[in-house]
Amino acid sequence: MTYKLLLLPGDGIGPEVMAETERVIHWMAKHRDLKFSIERALVGGSALEAEGVPVTEETMALAHAADAVLFGAVGGPQWDNNPFEKKPERGLLRLRKELELFANLRPAICFDALKDASTLRADVVSGLDILIIRELTGGVYFGEPRGIMEMNDGTRRAIDTQVYTTGEIQRISRVAFSLARLRSNRVASAEKSNVMHAEFPDVELTHILADNCAMQLVRRPKQFDVIVTDNLFGDVLSDEAAQCTGSIGMLPSASLGAKDEKTGRQPGLYEPVHGSAPDIAGQGLANPLACVLSFAMCLRYSFNKPDDAKLIERAVERVLDEGLRTGDIMQPGKKQVGTTGMGDAIIAALDRLDLGVAQ
Ligand code: NAD
């Protein structure tokens with residue numbers, strides 16, 4: 001089987017981190033039982049400059065046809081004052097909307113070598129590996145009625161509506177329970193819905209109020225395996241969990257759509273959590289590991305290749321254990337490298353792991 005990948009590097013450091021990820025993709029194609037056909041297109045500000053819109057119809061067609069989309073980052077100060085429709089992030093929002101990517105997967109993994117980079121105590125975060133699943137297309141960000149009204153007394157009244165249908169809750173819960181089966185079989189729901197439990201009797205379900213969940217994430221984060229939650233709480237909790245791990249340059253994410261039961265196809269978009277980092281763009285300083293780890297997620301969730309995903313994650317772990325660091329995760333006594341240097345080290349680590357030289 002040949003997997004169709006669409007690469008959308010975007011703006012700022014997006015193309016820099018994507019270039020290193022592409023090296024990993026080529027390495028996997030050469031050394032593992034994997035075949036890819038790769039398309040590339042512009043998105044965000046770079047698409048605005050060259051094509052007049054943040055994402056073209058042609059690019060949308062490529063995204064629909066792809067088995068998975070790998071996305072870099074979009075945005076930059078030069079487009080900050082653009083009208084709403086001409087903002088770089090409209091490209092990403094359109095992709096999310098039209099591919100119906102309702103499930104946002106945000107792992108928070110603390111690599112042992114980086115446990116001191118967290119603002120939390122090393123013993124609290126060491127070995128941390130949790131997955132937050134945030135509903136992405138419903139809830140208060142989309143609910144109606146919404147808006148600001150003028151009142152008779154001259155003051156204003158703002159309304160946002162938190163709304164979910166049974167179907168929306170069922171499909172995000174189904175994603176959470178299915179993924180828990182690939183992990184430690186535990187789901188904590190930061191909502192009060194238990195509609196799915198009958199379908200997944202093997203998965204332990206607990207309920208936790210979102211405010212308590214926020215507290216527990218900094219108190220004892222390792223108690224969690226999969227956390228499933230709505231769009232608004234997910235926005236907050238996933239960033240909080242991310243912070244537990246130390247650096248934004250290390251964090252991958254995935255957004256998945258509904259699986260077509262007939263064809264088995266499921267849209268998936270994979271992207272680093274970080275933005276386009278205009279402050280360091282073009283300088284070869286960006287940490288490519290979040291993007292590389294996003295590709296590992298793609299192998300695991302879109303292509304069902306957990307061993308290949310694990311290989312990339314082990315290569316990242318190796319490189320960190322060997323003391324290599326980009327500027328964002330630099331620590332005293334470690335060796336600082338740039339974007340390409342980190343890419344070189346990942347390829348070298350993959351070579352060694354492939355030859356069985358390293359464990
Ligand atoms: P950012 O994530 O781009 O940068 C925040 C800080 O983290 C910066 O100091 C940056 O240098 C650093 N950083 C981020 N990624 C890094 C990496 N891989 N390696 C080393 N350092 C890294 O967030 P921001 O500064 O708030 O936003 C910059 C632009 O990115 C804005 O235009 C924003 O709209 C956009 N943005 C895009 C996305 C996306 O494409 N999904 C997400 C967030 C922000």
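Start by selecting Pro145, which sits in the loop between β5 (129-135) and β6 (147-150). What kind of peptide bond joins Glu144 and Pro145? The bond is cis, with omega at about 0 degrees. That is worth a pause, because most peptide bonds are trans. Keep in mind as you click around that this is a predicted model.

**Two more loop stops**

Next, pick Asn185, in the loop between α6 (166-181) and β8 (186-189). Asn185 has a positive phi of about 65 degrees, although it isn't a glycine. Is Asn185 buried or partly exposed? Its relative accessibility is 26%, so Asn185 counts as partly exposed.

Now jump to Ala277, in the loop between β12 (268-272) and α9. Ala277 also has a positive phi, near 40 degrees, and again it is a residue other than glycine. Why bother looking at the sign of phi? Most residues other than glycine have a negative phi.

**Into the core**

Time to go inside. Select Met28, Phe36, Leu105, Ile133 and Phe295: out of the 68 residues in the largest nonpolar core, these touch the most other members. Which helix gives this core its largest share? Helix α9 (residues 289-301) does, with 10 residues. There is another core apart from this one, made of 18 residues, and you can find it by selecting Ala108, Val124, Ile208 and Ala241, which are among them. As background, nonpolar side chains in soluble globular proteins tend to be buried together.

Stay with Phe295 for a moment and show what surrounds it. Setting aside residues up to four places away in sequence, Phe295 touches Leu5, Thr21, Val24, Ile25, Met28, Phe36, Leu70 and Ile312.

**Helix α1 against α9**

Colour helix α1 (residues 14-31) and α9, and turn the view until you can see both axes. Two packed helices are described by the angle between their axes and the distance between the axes. For α1 and α9, the axes come within 8 Å and cross at roughly 40 degrees. The two helices are therefore oblique to each other, and their crossing is right-handed.

Which residues meet here? On the α1 side, show Val17, Met18, Thr21, Val24, Ile25 and Met28; on the α9 side, show Cys291, Val292, Phe295 and Leu299. Sorted by class, the contact of α1 with α9 has nine nonpolar residues, one polar and no charged.

Before leaving α1, select His31, which also belongs to this helix. His31 is partly exposed, with a relative accessible area of 31%. Beyond residues up to four places away in sequence, His31 touches Asp351 and Asp354. Try a distance label too: the C-alpha atoms of His31 and Leu350 are 9.4 Å apart, although their positions lie 319 residues apart along the chain.

**Helix α10 against α11**

Leu350 is also part of your next stop, where α10 and α11 meet. Show helix α10 (residues 306-321) along with α11: their axes come within 9 Å and cross at roughly 115 degrees. This crossing is right-handed.

From α10, pick Leu311, Ile312, Arg314, Ala315, Val316, Arg318 and Val319; they meet Met342, Ala345, Ile346, Ala349, Leu350 and Leu353 in α11. The classes here are 11 nonpolar, no polar and two charged residues.

Zoom in on Ala349, in helix α11 (residues 339-354). With 0% relative accessibility, Ala349 counts as buried. Its contacts, leaving aside neighbours within four places in sequence, are Ala315, Arg318 and Val319. The C-alpha atoms of Ala349 and Ala315 are separated by 5.2 Å, and the two residues are 34 residues apart along the chain.

**Helix α3 against α4**

Swing over to helix α3 (residues 57-65) and helix α4 (residues 89-98), whose axes come within 11 Å and cross at roughly 40 degrees. These helices are oblique to each other, with a right-handed crossing. Select Glu57, Met60, Ala63 and His64 of α3, then Arg94, Leu95 and Glu98 of α4, to see what makes the contact. By class, the contact of α3 with α4 has three nonpolar, one polar and three charged residues.

**Last stop: a strand**

Finish on Thr229, in strand β10 (residues 226-229). Is Thr229 buried or exposed? Thr229 counts as buried, at 2% relative accessibility. Light up what it touches, not counting residues up to four places away in sequence: Ile132, Ile133, Arg134, Glu135, Ala190, Glu191, Gly234 and Leu237.

Definitions and conventions. Residues numbered from 1 in each chain as written. Predicted model: local features only at pLDDT ≥ 70, side-chain atom pairs only at ≥ 80, totals over all residues. Heavy atoms only, no water. Core = buried A, V, L, I, M, F, W, Y, C linked by side-chain atoms within 4.5 Å. Buried < 20%, exposed > 50% of the residue type's maximum accessible area, 1.4 Å probe, protein only. Helix = DSSP H or I, 4+ residues; strand = E, 2+ residues; numbered from the N terminus. Contact = heavy atoms within 4.5 Å. Axes fitted to C-alpha atoms, helices over the stretch in contact; angles between N-to-C directions. Parallel < 35°, antiparallel > 145°, perpendicular 65-115°, else oblique. Left-handed = near helix turned anticlockwise from the far one by under 90°. Nonpolar A, V, L, I, M, F, W, Y, C, P; charged D, E, K, R; others polar.
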